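Visitor: Could you take me through one part of this structure up close? I'd like to start from a single loop residue and then work outwards to the rest of the chain.

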Amino acid sequence: RIVYVNGAFVPEEDAKISVFDRGFLFADGVYEVSTVLDGRLIDNPGHMARLERSLNELGMGSPVPVAEIPALMEELVARNGVAEGMVYLQVTRGAADRDFAFPKDATPSLVMFTQARSVADTAAARDGIKVISAPDMRWARRDIKTVQLLAPSMMKQKAKDAGADDAWMVEDGFVTEGTSNNAYIVTKAGSIVTRQLSTAILHGITRAAVLKLAREAQLKVEERPFTIAEAQDAAEAFYTSASSFVTPVVEIDGAKVGEGRPGPVAKRLRELYIEAARAEAG
Ligand code: PLP
């Protein structure tokens with residue numbers, strides 16, 4: 001596999017980053033994951049806008065102007081012949097002597113790689129997935145997409161150990177989001193409910209696209225927090241992310257949601273999202 005590291009496309013075994021890189025020492029870095037469908041990046045302008053915002057929030061530069069990154073991503077996709085999968089990109093503050101304060105003269109690093117895998121047709125989309133709830137023990141700026149992912153990694157592992165697929169994190173009694181996705185329910189009255197944007201959750205690019213499609217389809221959307229009990233009692237539950245689109249959640253803490261099968265709203269939103277993403281990617 002060819003990866004991109006600071007200006008060069010190289011075989012992965014030749015890629016090098018300093019042990020002094022602050023991404024490695026302090027998780028001082030941000031990332032994006034963009035999905036590839038039919039060999040094309042989907043929803044990528046949104047990911048680039050969020051990258052720019054994450055960098056600004058942390059006072060970090062990019063070694064390459066963000067506007068030039070999509071062309072590099074496309075080249076990486078082409079070089080690796082990826083038809084379906086994802087591009088991961090990470091910007092870190094760069095290498096400097098270890099010190100908590102930001103270095104004045106470090107050059108930021110940009111690293112990108114691809115992962116080929118099915119995204120349109122997956123078992124999770126067909127059958128739905130199971131989640132457990134877990135206390136949200138992440139930091140207070142979850143709107144910044146940083147590489148400090150140990151808390152969600154621990155919760156994802158806890159879910160796997162419990163025979164589930166993911167964890168929905170709970171703070172002050174309400175669901176924030178999944179370990180790497182935004183969380184939704186569909187009420188018995190047919191409203192789509194998802195938590196409003198704040199620093200408590202990541203502002204999902206797929207979330208924005210799916211809510212727009214839902215409103216265009218005349219579905220009712222409520223942006224407000226919900227509890228695990230409300231989710232267990234809902235007609236449907238689902239989550240969204242770049243790499244999973246819209247994925248039905250059929251069980252929460254061992255309780256079936258609705259019939260315990262993927263519901264019609266999640267299925268429809270998934271189809272609408274894939275159709276719109278394909279059309280937009282041309
Ligand atoms: N929430 C968290 C914590 C995430 O890590 C992600 C994606 O990785 C999402 C939500 C979904 O965001 P997006 O739709 O932009 O992939």
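**A close look at Ser180**

Guide: Let's begin with Ser180, which is partly exposed, with 18 other C-beta atoms within 10 Å. Keep in mind throughout that this is a predicted model. Ser180 sits in the loop between β9 (174-178) and β10 (182-186). If you set aside the neighbours within four places in sequence, Ser180 has contacts with Pro152 and Ser241. Then look across to Ala242: Ser180 and Ala242 are 62 residues apart in sequence, yet their C-alpha atoms are 9.5 Å apart in space.

Ala242 takes us straight to the ligand. The ligand has 13 residues around it, and Ala242 is one of those that come nearest, along with Leu202, Gly204, Ile205 and Thr206. Two elements, α6 (205-216) and β13 (236-241), each put at least two residues into that shell. The biggest giver is α6, with three residues. As for chemistry, the shell has seven polar residues, four nonpolar and two charged.

Follow α6 onwards and you get to Gln218, in the loop between α6 and β12 (221-223). Gln218 is not a glycine, but its phi is positive, about 65°. Gln218 is also exposed, with 6 other C-beta atoms within 10 Å. There's another residue of this kind at Asp38, where phi is near 55°, again positive in a residue other than glycine. Asp38 lies in the loop between β3 (29-37) and β4 (40-42). Asp38 counts as exposed, with 12 other C-beta atoms within 10 Å.

Those two strands matter for our next stop, the contact between the domains. The domain assignment splits the chain into domain 1 (2-116) and domain 2 (123-281). Their centres, taken over C-alpha atoms, are 26 Å apart. Domain 1 brings 23 residues to the contact and domain 2 brings 15. On the domain 1 side, the elements giving two or more residues are β3, β4, α2 (44-57) and β5 (85-92). Of these, β3 gives the most, with eight residues. By class, that side of domain 1 has nine nonpolar, eight polar and six charged residues.

Now for what is packed inside. The largest nonpolar core has 59 residues, and Val87, Val131, Ala237 and Val249 touch the most other members. Both domain 1 (2-116) and domain 2 (123-281) give residues to this core, so it lies between them. Take Val87 for a closer view: leaving out residues up to four places away in sequence, Val87 touches Ser34, Val36, Leu41, Met73, Leu76, Val77, Met112 and Thr114. As a rule, nonpolar side chains in soluble globular proteins tend to be buried together.

Finally, step back to the whole chain. There are eight helices and 15 strands. The radius of gyration is 19 Å, close to the 19 Å that the globule rule gives for 282 residues, so the chain is as compact as a globular protein of that length. Along the principal axes, the C-alpha atoms fill a box of roughly 55 × 40 × 35 Å. Of the 282 residues, 40% count as buried. Among contacts with a separation of 6 or more, 71% are between residues 24 or more positions apart.

Technical notes:
Residues numbered from 1 in each chain as written. Predicted model: local features only at pLDDT ≥ 70, side-chain atom pairs only at ≥ 80, totals over all residues. Helix = DSSP H or I, 4+ residues; strand = E, 2+ residues; numbered from the N terminus. Rg over C-alpha atoms; globule rule 2.2 N^0.38 Å. Buried ≥ 20, exposed ≤ 12 C-beta atoms within 10 Å, placed from the backbone. Contact = placed C-beta atoms within 7 Å. Near = placed C-beta within 6 Å. Nonpolar A, V, L, I, M, F, W, Y, C, P; charged D, E, K, R; others polar. Core = buried A, V, L, I, M, F, W, Y, C linked by C-beta atoms within 7 Å. Domains from an automatic or database assignment.
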